[in-house]
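Reader: I have a structure to get to know. Can you walk me through it?

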Amino acid sequence: MIAAQAKLVYHLNKYYNEKCQSRKAAISKTIREVCKVVSDVLKEVEVQEPRFISSLSEMDNRFEGLEVISPTEFEVVLYLNQMGVFNFVDDGSLPGCAVLKLSDGRKRSMSLWVEFITASGYLSARKIRSRFQTLVAQAVDKCSYRDVVKMVADTSEVKLRIRDRYVVQITPAFKCTGIWPRSAAHWPLPHIPWPGPNRVAEVKAEGFNLLSKECYSLNGKQSSAESDAWVLQFAEAENRLILGGCRKKCLSVLKALRDRHLELPGQPLNNYHMKTLVSYECEKHPRESDWDENCLGDRLNGILLQLISCLQCRRCPHYFLPNLDLFQGKPHSALENAAKQTWRLAREILTNPKSLEKL
């Protein structure tokens, strides 16, 4: 048994050093190329409208606010200034969303975003995004990369297609630190010893973002109040959560397997599903020793089996907001197909670790 475990870990490490590292290098190169274009577009936007200041900056070889959805798809979060005169209201009526309400009607004229405030005093995510979309469309025509970048049509999101190969969504957002949303107040679960009080404090200190984008849970039934809502996102908190042991290595392997074998019609699975399942696996295996390098095979198998279960049940709860289903709106046939493919993959890896050389 131990020999079989060691063999699997050996082949996973080999896979990580060869496939995952080359994937990372290729994506880093793409990110540099994409960020050059996005920075140029945002510089043009800023000239037209100084309230939209580009927050895309490089720190320690990574770009602040950039998320990799897949090797050809990215999201850049554009942090806006001055949320001050608004209260954050998160009453659970819109899963995964919150609203920003004027703290005092008399402060309306003091807001930097005065023309985007609704009659009932809410700062409208949709109105800000609509204005931003117009500015980006004008900037694309003026920027020095205009020959290789164009707007993606037929969407209320702000998306650019670069060199006909890459898609980048630029999402206006507010950064919220020093508060933690009520809809995530159940976390951490009292009976689970992970992640421990120090890490919990670090994660909560990272706070969360409020994004101006279409919300999962509102697909197809958006009233005007709902389209004014902001989507909760916990990217920095989630990254902080999976530090230590072989957690990040495990996630890298899962991402590479997804790119190579689970990029399927209907796009049922993305990197974020993998990241979410790593966090759930951490709860199931709370001891640090469970994440030693020699446990990599066990953890990977556990996550793949959990993924199959989620796909079969057609439900994958968000880690911090379990009322939000990350499979919402995905075609059932795509989820079933993904379950079959994941099962084939898990069985192959478990019964024949050497097959990783070809996967």
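Author: What follows covers salt bridges, a pocket, a cavity and cysteines, all in a predicted model.

Reader: Salt bridges to begin with. How many are there?

Author: The count comes to 28 salt bridges.

Reader: Which residue does Lys 275 pair with?

Author: Lys 275 forms a salt bridge with Glu 238, and their closest N and O atoms are 3.7 Å apart. Lys 275 sits in helix 7 (residues 271–284) and Glu 238 in helix 5, so the pair ties together parts 37 residues apart in sequence.

Reader: Is Lys 275 buried or exposed?

Author: Lys 275 counts as buried, at 9% relative accessibility. Its partner Glu 238 is buried as well, at 5%.

Reader: And what about Arg 247, where is its partner?

Author: Arg 247 bridges to Glu 288, with the closest N and O atoms 2.9 Å apart. Arg 247 is in helix 6 (residues 247–261), while Glu 288 is in the loop between helix 7 and helix 8 (296–313), 41 residues apart. Arg 247 is buried at 1% relative accessibility, whereas Glu 288 is partly exposed at 47%.

Reader: What does Lys 249 meet in a salt bridge?

Author: The side chain of Lys 249 meets that of Glu 293, at 2.8 Å from N to O. Lys 249 lies in helix 6 and Glu 293 in the loop between helix 7 and helix 8, so this pair ties together parts 44 residues apart in sequence. There is also a network of salt bridges that links Arg 23, Arg 258, Asp 259 and Glu 263.

Reader: Pockets now. How big is the second largest one?

Author: The second largest pocket has a volume of about 310 Å³. It is lined by 19 residues, and the closest to its centre are Arg 62, Glu 64, Glu 206, Glu 236 and Asn 239. Helix 5 gives the most to this lining, with 4 residues.

Reader: What classes of residue make up that lining?

Author: The lining of the second largest pocket divides into 7 nonpolar, 4 polar and 8 charged residues.

Reader: How many cavities did the search find?

Author: The search of the whole structure finds 3 cavities of 30 Å³ or more. The second largest cavity has a volume of about 40 Å³. Its lining residues include His 11, Tyr 15 and Leu 356.

Reader: Last topic. How many disulfides?

Author: The structure holds 0 disulfides. Cys 246 is in none; the nearest cysteine sulfur, that of Cys 250, is 5.9 Å away. Cys 246 counts as buried, at 0% relative accessibility.

Note on methods:
Residues numbered from 1 in each chain as written. Predicted model: local features only at pLDDT ≥ 70, side-chain atom pairs only at ≥ 80, totals over all residues. Heavy atoms only, no water. Disulfide = S-S within 2.5 Å. Buried < 20%, exposed > 50% of the residue type's maximum accessible area, 1.4 Å probe, protein only. 1 Å grid on protein atoms, 1.4 Å probe; cavity = no way out; pocket = protein on both sides within 12 Å on 5 of 7 lines; lining within 4 Å. Points joined across faces, edges and corners; volume = space filled by probe spheres on them. Helix = DSSP H or I, 4+ residues; strand = E, 2+ residues; numbered from the N terminus. Nonpolar A, V, L, I, M, F, W, Y, C, P; charged D, E, K, R; others polar. Salt bridge = Lys/Arg side-chain N within 4 Å of Asp/Glu carboxyl O.
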